[in-house]
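Let's take a walk through this model together, starting with its sheet and ending with a few backbone details. Keep the 3D view open as you read.

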Amino acid sequence: MLGLWSLLSLGTALMYALAERIGRMPGPGELSVQQTAPIIGREAELARLRGLVDPVPQSSQVLLVTGEAGMGKTVLLADAAGRARLAGMRVLSVTGRESESKLAFAGLHQLLRPVLAGAAGLPGRQAQALLGALGLAADPGAPDPGAADPLLTRVAVLTLLSDLSERSPVLVVADDVHWLDRSSLDALAFAGSRLDAERVVLLVGARGEAPPPGFDRGFPELHLEPLSAADAGRLLDGQPRPPRGRARLQVLAQAAGNPMALIELAKVIADDPAASRRWAAEPLPPSDRLTAVLTSRFAALPEPAQAALLLAAVADGPDLSAAASHGAGPGAQTLAPAEQLGLIKIDRTGLRFSHPLVRSAIYHSAPFARRAAAHRELASALYDQPDRRAWHLAAAALQPDEHVASLLEATAAQAQRRGGTPAAALAMERAAELSPDPADQARRLVAAASVAVSTGQADWVEDLASRALAVTADPELRLTARHDAGWALAYSGRRSAALPALISVAEEASRDLPDLAWDALADAAKVVYHSGAPESCQAVSRVLELLENQGPWSAGHGPRADVGPHRLWIQACIDPFGSRSELIRYLRQISRSPLDEAALWRIGSAAWLLDESDLAITLLQDAMQRLQAPGTQGTSGPGLTALGWLFIDTGRWDEALEAAAGAAGLAEANQMELVAAAADLITATVLAMRADSAAARRHADRALGHTDLAESGFVAARARRALGIAALADGSHLLAFTQLRQLFSEEGAPVHNIFSYLGVADMAAAAVRADRRMEGQDLLERALGHLGGTASARLEQLIARARGILAGPDGAEAHFGTALADPAGDQWPFERAQLRLDYAEWLRRRRRINDAKPVLTEALATFRLLRARSWAQRAEAELRACGVPVAGTPADRDALGELTPQQRQIVRLASDGLTNREIGDRLFLSPRTVSSHLYRSYPKLGVAGRNQLRDVIARANTATSTDESA
């Protein structure tokens, strides 16, 4: 009669024989052929795992991969296994199974089954111990598996893996080892701790944060953290039906960066879109796959503990504490079984679920009647906390209820007073859903849409506005809803539809609802800011004249205070040159007044467009600080990009790159394509100015590739300028001129009514160097013919430089000299330095060497400070041509700067005479790692060995001291 292990072996053999007939069956932890979706948000983890197997290892490696359920351990391990196979490694895999967790060596049997034939080559005792442990001993007189020596079995596993690695490198993948039987786990840990020079990689996946037994001995560990907000958003976008708007935020919040939860919760919302509205105050329900994992522990609890945990799930923290203080909360003793199972944690701060999904699973595993009863129980205990009470009553409501709707409306008002605009919009939306009267429903939906505008969630705003328009005929409500819908169209990039929508609202509201009309026209001006098209400017200008004629300005000093910021912003967008003196005067006046957040944004942005750069930075930084409240960061994307451009203009390029990175993160997390394009263009511009032309082109091309240039003159103008500067830095002058001349049409009309003119000086420089002087002169004069007003000091400087470059030998100095005589030009240091460089080149060619020297010296100092390498090299060459010796940046210091911080530490310690072992002891590195770092550092430092390091460090220290004293 066959024993248990014989039956298992026979069944396994039949299963794999069938698999070979129908094709290769994926091993444990492998992805099937159909599962080819990209792994999002795990780039660093993938790189680390792939680096262990490709290229194939020359010595052993062990890595423990830990993380909560759903974090992606299995997918990452499967990817590594696939890479290993492609690299020619043999892959052995095992996945822990709960059903086998009490069967001795069941996991080891699964792992070694494909290579058990190799056991015949093991030393006799080891072979006997291994086969006996697996129940495969052919000799009836062999010892019983239970009596086998565990140590011999472990040594046999190590020897077998070592033997296999002599033929080809081996990857061992052990996943879900928390369910692996302890005997198999101990054997793997033993082998992992003794692998050394063998070409064996051991990857172990375990749930949780703590290493499993046997692997808590200092093995290298890779803990999978939750995905970042941006990566979580990318993962959602990759789903067949990704959630949008408020539903998206709810999924992101409930999943807390768990990839599996993101995918499953996205499916729930896709299958039931209304869920996001019904569950505004409730956790989203995870799908059956996650529920099975979490509720199995919940089901094992005693009935009192289940009831207590449901109340805790309904209460979610603070409400539970409040309920307990009123005698309605569960006691700690009742919750003890749940704490023992790891569902919750109780400490001095109170009760916490071990993961948001635990709460969600418990909540939705209960019938609605029980959940509603728990909500009402908590609401009765929270009579002194009206906002929490209102949400609990709303969660328990199945039918419209004006009493609850009124409570929610009051909650929304309170939230808005505290600056909690997302919470206010959510409360007002839920109040609308519970409103029995259609008029109240429409009023509350419009209010929710208007409040939601400040969250930056265009699709949510559009949805709320559309629902309001469907249920009301009230003229004022409809105009307000149409304004909100127009804003959503503009914010989501549909500007051709947004502009007429917003203009029509402004026109229809101009007589009876002037405040709404001004708001709508200010939003229309944002569309103009992005398009820069003359016809758009004219359309907004026409309605601006209409609004201005509706009422008088306040006596003496321009528009009324309440519409002043609107008018200033609108005028700066559509015609910053035509009435510049009036606009600047009013800008300086109003900027000294107390301003709210919206006014700060409008006035700061107007200051930027008017080239009042320092004032603009002050105002926008103030506005940005007010935009840091939770839930409102989406609206800070445009502010960050405006600051990024200002930082470029004022020579704060590193800050510009930081602003661009922040804006890019916000854009990715909040689906803001225009902000993403602006962030790319800011980065491209800085990189181009620093002569990193290839990287600059990548960023500019990405912005161009994701934008409809017919609708965005802003992107077109900024991208062409960045690409033109990159070509100038490369010395590709004809390419530079080709790019920069596209800032204007053949007739000289600007692609963008403001930003095209920022490239006129670079266009002139490219034209001359590409031998297109006449074409450049004609284009410049045609372009300036479209300016139609007074240029700023900045633009005057750019125009003067352009004319000086394009002028004949006798006419250049007048243009250069006039621009340099205006101290206002120093506000824009790079452009000022370019002007000085061009003027100094002209002076040197006129043999006015002594006049050129100080001008070149100032220009070089600016270029070096900004790290504008190409322009610094030109200035250095000109100085040398003037007979001035130019000291370069000390080579030794530059070389040290190319090293990583850790490499610099090692080099400095080695120069002091420490051995590799001593350095490793001090820096907690192995001697081999120290040796590797030194070996890679020598070529960068230009030395052959450690005996030369002392001189390198001494020279670098001397150079630093010299610069500091200078």
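This is a predicted model, and a good place to begin is the pairing of strand 2 with strand 3 (residues 170–175): the two run parallel and are joined by six bridges. To find one of these bridges on your screen, pick Val94, whose partner in strand 3 is Ala174.

Now zoom out to the sheet around that pair. It is an open sheet of five strands with parallel pairing, in the order 2-3-4-1-5. Strand 2 (90–95) and strand 5 (221–223) are the edge strands, each pairing on one side only. From one strand to the next, the twist averages 15°.

Next, look at what lies against the sheet. Helix 3 (residues 73–86) lies across strand 1, strand 2, strand 3 and strand 4 (200–207). Relative to strand 3, helix 3 runs at about 165°; with angles taken between N-to-C directions on a scale from 0 to 180 degrees, you can follow that orientation directly in the viewer.

Helix 3 also has a helical partner. Helix 2 packs with helix 3 at an angle of about 35°, their axes 9 Å apart, and the crossing is right-handed. Helix 2 brings Glu45, Leu46, Leu49, Arg50 and Val53 to this contact, while helix 3 brings Leu76, Asp79, Ala80, Arg83 and Ala84. What is the make-up of the contact of helix 2 with helix 3 in nonpolar, polar and charged residues? Six of the residues are nonpolar, four are charged and none is polar.

Follow the chain onward from helix 2 and you come to a backbone detail. The loop between helix 2 (43–53) and strand 1 (61–67) contains Pro55, and the peptide bond from Asp54 to Pro55 is cis, with omega near 5°.

Two other loops hold residues worth a click if you like checking phi values. Ala256 sits in the loop between helix 9 (245–255) and helix 10 (259–271). Its phi is near 50°, a positive value in a residue other than glycine. Arg847, in the loop between helix 41 (829–845) and helix 42 (849–866), likewise is not a glycine, yet has a positive phi of about 65°.

Are these two residues buried or exposed? Ala256 has a relative accessible area of 28%, so it counts as partly exposed. Arg847 counts as exposed because its relative accessibility is 75%, and the cut-off for exposed is over 50%.

Notes: Residues numbered from 1 in each chain as written. Predicted model: local features only at pLDDT ≥ 70, side-chain atom pairs only at ≥ 80, totals over all residues. Heavy atoms only, no water. Helix = DSSP H or I, 4+ residues; strand = E, 2+ residues; numbered from the N terminus. Buried < 20%, exposed > 50% of the residue type's maximum accessible area, 1.4 Å probe, protein only. Pairing = 2+ DSSP bridges. Contact = heavy atoms within 4.5 Å. Left-handed = near helix turned anticlockwise from the far one by under 90°. Nonpolar A, V, L, I, M, F, W, Y, C, P; charged D, E, K, R; others polar.
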